[in-house]
Amino acid sequence: APSVVGYELADYTGEIIAECELAWEKEKIALLLISQMDSKESFLENGWTVFTTEDTFSAEMFQGGMER
């Protein structure tokens, strides 16, 4: 399960620079809605793996980040 619903990515000053619908903070995985695509580059630049609701993905892609 994601660790946060409605995650806000902040820069070093605390300013919100990007948003995603679901986030797995420990794994640095973000799931973006199509309307959040303007946030994609900011997540990528901060070392996050980014998926959108248009992508095809599986639980294996989370490399053990899924809690049972």
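**Note on the predicted fold**

1. The protein chain contains one helix and four strands, and it should be said at the outset that this is a predicted model. Followed along the sequence, these elements give the pattern β-β-β-α-β. The chain has 68 residues, of which 29% are buried, and it exposes about 4,600 Å², with carbon and sulfur atoms supplying 48% of that area. Among contacts with a separation of 6 or more, 21% are between residues 24 or more positions apart.

2. The strands form an open sheet of four, in the order S1-S2-S3-S4 and with mixed pairing. Strand S1 (4–10) and S4 stand at the edges, and because each has a single partner strand, one side of each is left without a neighbour in the sheet. From one strand to the next, the twist averages 45°.

3. The mixed character of the sheet can be followed at S3, which pairs with strand S2 (residues 16–24) in the antiparallel sense over three bridges, and with strand S4 (residues 49–52) in the parallel sense over four bridges. Between S3 and S4 the chain passes through H1, and the resulting β-α-β crossover is right-handed. The hairpin of S2 and S3 has four residues between its strands, and within this hairpin Lys28 takes a positive phi near 55°.

4. Individual bridge positions help to fix the register on both sides of S3. Leu31 in S3 is the bridge partner of Leu22, and Leu31 also stands opposite Phe51 in S4. Ala30, likewise in S3, stands opposite Ala23.

5. The side chains of S3 deserve separate mention, since Ile29 and Leu31 point one way from the strand while Ala30 and Leu32 point the other way, and all of these residues are buried. Leaving aside neighbours within four places in sequence, Ala30 is in contact with Cys20, Leu22, Phe43, Trp48, Thr49, Val50 and Phe51.

6. Which residues make up the largest nonpolar core? It has ten, namely Tyr7, Leu9, Ala18, Cys20, Ala23, Ala30, Leu32, Phe43, Trp48 and Val50. S1, S2 and S3 are the elements that give two or more residues to this core, and the largest share, three residues, comes from S2. As background, nonpolar side chains in soluble globular proteins tend to be buried together.

7. Ser39 lies in the loop between strand S3 (29–32) and helix H1 (40–45). Is this residue buried or exposed? Its relative accessibility is 8%, and Ser39 therefore counts as buried, the cut-off being under 20%. Not counting residues up to four places away in sequence, Ser39 touches Ala18, Glu19 and Leu32, and of these partners Ala18 and Leu32 are listed in the largest nonpolar core.

8. Leu44, which is placed in helix H1, has a relative accessibility of 37% and so counts as partly exposed. Leu44 and Ile29 are separated by 15 residues in sequence and by 9.8 Å in space, taken from C-alpha to C-alpha.

Note on methods:
Residues numbered from 1 in each chain as written. Predicted model: local features only at pLDDT ≥ 70, side-chain atom pairs only at ≥ 80, totals over all residues. Heavy atoms only, no water. Buried < 20%, exposed > 50% of the residue type's maximum accessible area, 1.4 Å probe, protein only. Contact = heavy atoms within 4.5 Å. Areas by Shrake-Rupley, 256 points an atom, 1.4 Å probe, with all protein chains shown as cover. Pairing = 2+ DSSP bridges. Right-handed = clockwise from strand over helix to strand, strands pointing away. Axes fitted to C-alpha atoms, helices over the stretch in contact; angles between N-to-C directions. Core = buried A, V, L, I, M, F, W, Y, C linked by side-chain atoms within 4.5 Å.
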